[in-house]
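Biologist: I should like to learn how the features of a protein model are read. Could you take me through them one at a time, giving the general idea and then the case at hand?

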Amino acid sequence: QRSNLVVIDTRTMEREFTVPMCVAAHGMAVAPDGLTVYAACYGEDALAVVSLAGARPEVTLGPIRGELAPNPTSPTYGPYAVTAAPDGGTVWVGCSPPNTSAGSRGLFIAFDTATRRFDAARTTTTLQGTPFFGAYSADGNSLLVPLQGRDAVVRLTAAAPLRVMEQRAMSAEDCVLPHVVSRGPDGLFY
C-alpha cells in the first residue's frame with residue numbers, strides 16, 4: 001500500500017529518482033518554486049510534505065488531526081484531493097471519508113506551508129458534499145471546489161473565516177460526480 005513519488009526528466013523520459021512517501025497517496029501539488037511536493041495520503045490521514053531542496057528528498061507527514069490513521073485500510077478522514085494556492089502559502093486538502101453514503105460531507109481543510117500545520121480557522125465539514133480538486137480565482141481570494149454527493153460547484157473564501165460565497169448544483173445533464181475544477185488561461189473555470 002506504500003506510494004512512491006517518481007520524478008522523471010521529461011526531456012529524456014528517464015527516472016531521476018524515487019521517493020517512498022506514504023500509504024495510498026492520491027492528489028498532489030507542486031509548490032510554485034518547485035522545491036516542495038504535497039500529496040494527500042489517504043491511508044494515513046495525513047499530508048505528505050516532500051522537500052526536494054537538498055541532496056536527498058525528505059518526507060514529513062502532517063497528520064490531519066494530530067495523529068496518523070492506526071489502520072491504513074480504514075482511515076477516519078481519507079485525504080484525497082489537494083489544491084495549492086498560486087502564492088504557495090496554502091495547500092487545501094479535500095477528504096473523502098470511507099464507508100459513507102451518497103450525500104456525505106467530507107472535511108475541507110487548509111495547510112499553512114510556512115508553519116507546516118493545518119489551520120483550524122480555515123476548515124469546514126459543512127459543505128453539502130465531498131470536496132475534490134479545486135482551483136483558485138485569478139485574484140487568489142476565493143476558490144471553486146467540486147462537490148460529490150450533491151453534485152455541485154461551490155465558491156469559498158480563501159481566508160478565514162472560511163465561508164461559502166455561492167453554490168451551483170449540477171444537473172445530471174451537466175455533470176455527474178464532478179471531480180476537478182480548472183481555471184483556463186481565458187479566466188473561465190472548467
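Biologist: In which strand is Val6 found?

Modeller: The model is a predicted one. Strands are numbered from the N terminus, and Val6 lies in strand S1, which covers residues 2-9.

Biologist: Is Val6 buried, exposed or partly exposed?

Modeller: One compares the relative accessible area with two cut-offs: under 20% is buried and over 50% is exposed, with partly exposed in between. Val6 has a relative accessible area of 38%, so this residue is partly exposed.

Biologist: Which residues form a nonpolar patch on the surface?

Modeller: Val6 joins Ile8 and Met13 in such a patch. Together the three residues have about 280 Å² of accessible area.

Biologist: Let us turn to charged side chains. How many salt bridges does a search of the whole structure find?

Modeller: The search finds 5 salt bridges. One of them is formed by Asp9 and Arg11, whose closest N and O atoms are 2.9 Å apart. To read such a distance, one needs the cut-off of 4 Å between nitrogen and oxygen.

Biologist: Are Asp9 and Arg11 buried or exposed?

Modeller: Asp9 has a relative accessibility of 15% and therefore counts as buried. Arg11, by contrast, stands at 74% and so counts as exposed.

Biologist: Which residue forms a salt bridge with Asp119?

Modeller: The partner is Arg122, with the closest N and O atoms 2.8 Å apart. Asp119 is partly exposed because its relative accessibility is 22%, while Arg122, at 9%, is buried.

Biologist: And which residue forms a salt bridge with Asp174?

Modeller: That residue is Arg168, and here the closest N and O atoms are 3.3 Å apart. Asp174 has 46% relative accessibility and counts as partly exposed. Arg168 is also partly exposed, with a relative accessible area of 46%.

Biologist: How is a disulfide recognised, and how many are counted here?

Modeller: The test is whether two cysteine sulfur atoms lie within 2.5 Å. The count comes to 1 disulfide. This link joins Cys22 to Cys41, with an S to S distance of 2.0 Å.

Biologist: What is the hand of the link between Cys22 and Cys41, and where in the chain do the two residues lie?

Modeller: The angle about the S-S bond is -85°, and the link is left-handed. Cys22 belongs to strand S2 (residues 14-23) and Cys41 to strand S4 (residues 36-41). The two cysteines are 19 residues apart, so the pair links distant parts of the chain. Both Cys22 and Cys41 are buried.

Biologist: How far is Cys95 from the nearest cysteine sulfur?

Modeller: The nearest one, that of Cys41, is 11 Å away, and Cys95 is in no disulfide. Cys95 has 0% relative accessibility and therefore counts as buried. Cys175, for its part, has a relative accessible area of 25% and is partly exposed.

Biologist: Please go on to the aromatic rings. How many aromatic pairs does a search of the whole structure find?

Modeller: There are 5 aromatic pairs. Among them is the pair of Tyr80 and Phe132, whose ring centres are 5.1 Å apart. The planes of these two rings meet at 85°, which is why the pair is edge-to-face.

Biologist: Which parts of the chain does this pair link?

Modeller: Tyr80 is in strand S7 (residues 79-84), and Phe132 is in the loop between strand S11 (130-131) and strand S12 (135-136). The two residues are 52 residues apart in the chain. Phe132 counts as buried because its relative accessibility is 5%.

Biologist: How is the aromatic pair of Tyr80 and Phe133 arranged?

Modeller: The pair is tilted, with 6.1 Å centre to centre and 55° between the planes. Phe133 also lies in the loop between S11 and S12, 53 residues from Tyr80 in strand S7. Both Tyr80 and Phe133 are buried.

Biologist: Which residues form one aromatic cluster?

Modeller: The cluster consists of Tyr38, Phe111 and Phe118. These three residues appear again in the largest nonpolar core, which has 15 residues. They are among those that touch the most other members, together with Leu47, Ile64 and Val93.

Biologist: Which strands supply at least two residues of this core?

Modeller: They are S4, strand S5 (46-51), strand S8 (90-95) and strand S9 (108-112). S8 gives the most, with 3 residues.

Key: Residues numbered from 1 in each chain as written. Predicted model: local features only at pLDDT ≥ 70, side-chain atom pairs only at ≥ 80, totals over all residues. Heavy atoms only, no water. Phe/Tyr/Trp six-rings, centres within 6.5 Å; stacked < 30°, edge-to-face > 60°. Helix = DSSP H or I, 4+ residues; strand = E, 2+ residues; numbered from the N terminus. Buried < 20%, exposed > 50% of the residue type's maximum accessible area, 1.4 Å probe, protein only. Patch = residues over 30% accessible without salt bridge, like charges linked within 9 Å, V, L, I, M, F, W, Y side chains within 5 Å. Areas by Shrake-Rupley, 256 points an atom, 1.4 Å probe, with all protein chains shown as cover. Core = buried A, V, L, I, M, F, W, Y, C linked by side-chain atoms within 4.5 Å.
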